[in-house]
Amino acid sequence: MSDSKLKVVVCRDLGPDVMPLLLNNPRLDVVVWPHNSACERKWLLENARGASGILVMLSEKVDEELLNAAGPKLRVVSTMSVGYEHADLKALLTRGVRFGYTPDVLTDAVADLSVMLALMAGRNTKETTEAWPNFVWSPFAFCGPQLSSTPTSPKRTAGFIGFGRIAQATFARLVPFGFQHCLYTGNAKTAPDPAADAALAAKYGVKEVRRVELDELARESDAVFVLAPGGPATYHIVDEQFLRQMKKTAVLVNTSRGTLVDSDALAKALHEGWLYGAGIDVVEGEPQVGLDHPLIKAPRCVVLPHIGSATNETRLGMATLTVNNLLGGVFGEEMPAELGTSR
Ligand SMILES: O=CC(=O)O
């Protein structure tokens, strides 16, 4: 490596549309993990030495060990994710290392998938897709609760654990399904704000947007969406007590982090019919999830392999933003989405 070039380490090849932004930059020496799999820790620690920038995925832990291995030239870590539980922000801050992430670009894709999972959970998708070749049609086979409101059951309430950008985009999609009530749990450190709730209700043209306690949300919601960040504060926030209070016709959707839902409790709830169904994009223990995982075996439970943002448009947007964050940090310029400054 020539001394005048800045070294950047990239933990996944981001493909022909995005990699040239790095590879064609004459001021950079680019080191890329050469396999289509999660980057090996040993390789990362060895190659990080002397790097000015590191581009990571959710699978790479950004901790003291990695920052020490990189050393004092490190200026920026850029993650291709909106979540950042894998990064030790205190350790980054102490060293003055900037951190980029990918908010906003994935909001619509994850909101789309959240609604899709709510529909799939109520319509027995797991059982129906496994029905052939022994399926015999009958009038009430596979019937489940309807997500949209009906003349005989007009009221629909959505409950959101976490009410950030993705949750609000999800609610906007549910309004045409007849959801006139929106309940959400807020950050315990901030006070409820009825005026802000009334403004949101007016924005969506619905009867109610209201911050509530977890118990009321469990009792009143027809569809519960888990959309809060992971970490110790939200660990198993959906537990047996929560699930026992849900309506028997309700569905639960988790598109945030597997750790928010107690998998054993949810499996038991589905086996015993405390709620109707579940749509899960993130599970505890991923990506090492075997067929013996309690949620894979649970009835009326659709489990996807963490594909919330997996559309062509969104993943390309995320990859481009991640690289632009890296470039901004490495060259001491503005980063389009720097944690702490971008929102
Ligand atoms: O889970 C996905 C992300 O954090 O981007």
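The following exercises, each with a worked solution, concern a predicted model of a protein with a ligand.

**Exercise 1. The annotated regions**

Task: State which residues UniProt lists for the NAD-binding domain and which residues the catalytic domain annotation covers, and describe the chain over each range.

Solution.
Step 1. In an unreviewed entry, UniProt lists residues 116-308 for "domain: D-isomer specific 2-hydroxyacid dehydrogenase NAD-binding".
Step 2. Over residues 116-308, 31% of the chain is helix and 17% is strand. The C-alpha atoms at the two ends of this range are 10 Å apart.
Step 3. The annotation "domain: D-isomer specific 2-hydroxyacid dehydrogenase catalytic", also from an unreviewed UniProt entry, covers residues 8-336.
Step 4. Over residues 8-336, the chain is 35% helix and 16% strand, and the end C-alpha atoms lie 18 Å apart.

**Exercise 2. The surroundings of the ligand**

Task: Determine which residues surround the ligand, and how the shell divides by class. Then find the distances from V82, R257 and H306 to oxygen atoms of the ligand.

Solution.
Step 1. List the shell. The ligand is surrounded by L58, S81, V82, G83, L106, R257, H306 and M318.
Step 2. Sort the shell by class. Four of its residues are nonpolar, three are polar and one is charged.
Step 3. Apply the cut-off for a polar contact, which is a pair of N or O atoms within 3.5 Å. V82 contributes a backbone N or O atom, 2.8 Å from an oxygen atom of the ligand. R257 contributes a side-chain N or O atom, also at 2.8 Å from a ligand oxygen atom. For H306, a polar side-chain atom lies 2.7 Å from an oxygen atom of the ligand.
Step 4. Consider the cover. On its own, the ligand has 190 Å² of accessible area, and the protein covers 87% of this.

**Exercise 3. Empty space in the protein**

Task: Describe the second largest pocket by its volume and lining, and state how many cavities of 30 Å³ or more a search of the whole structure finds.

Solution.
Step 1. Recall the principle. Rolling a probe the size of a water molecule over the atoms shows where empty space is left.
Step 2. Take the pocket. The volume of the second largest pocket is about 200 Å³. Its lining consists of 15 residues, and P145, Q146, L147, R156 and T249 are those nearest its centre.
Step 3. Examine the lining of this pocket. Helix α5 (residues 107-122) supplies the largest share, three residues. By class, the lining has seven nonpolar, five polar and three charged residues.
Step 4. Turn to cavities. The search of the whole structure yields one cavity of 30 Å³ or more. The largest cavity holds about 30 Å³ of space.
Step 5. Name the lining of the largest cavity: N254, G258, V261, S263, I280, V282, V283, E284 and L295. These divide into five nonpolar, three polar and one charged.

**Exercise 4. Notable backbone geometry**

Task: Identify which residues the cis peptide bonds join, and locate F142, which has a positive phi.

Solution.
Step 1. Inspect W132 and P133. A cis peptide bond joins them, with omega about 5°. P133 belongs to the loop between α6 (125-129) and β6 (156-161).
Step 2. Inspect E286 and P287. These are also joined by a cis peptide bond, and omega is about 5°. The loop between β11 (277-280) and α12 (294-297) contains P287.
Step 3. Consider F142. Although F142 is not a glycine, its phi is positive, at about 65°. F142 lies in the loop between α6 and β6.

How values were computed: Residues numbered from 1 in each chain as written. Predicted model: local features only at pLDDT ≥ 70, side-chain atom pairs only at ≥ 80, totals over all residues. Heavy atoms only, no water. UniProt positions renumbered as here; feature names shortened; annotations may be inferred. Helix = DSSP H or I, 4+ residues; strand = E, 2+ residues; numbered from the N terminus. Near = heavy atom within 4 Å. Polar contact = N/O pair within 3.5 Å; in protein donor to acceptor, adjacent residues only side chain to side chain. Areas by Shrake-Rupley, 256 points an atom, 1.4 Å probe, with all protein chains shown as cover. Nonpolar A, V, L, I, M, F, W, Y, C, P; charged D, E, K, R; others polar. 1 Å grid on protein atoms, 1.4 Å probe; cavity = no way out; pocket = protein on both sides within 12 Å on 5 of 7 lines; lining within 4 Å. Points joined across faces, edges and corners; volume = space filled by probe spheres on them.
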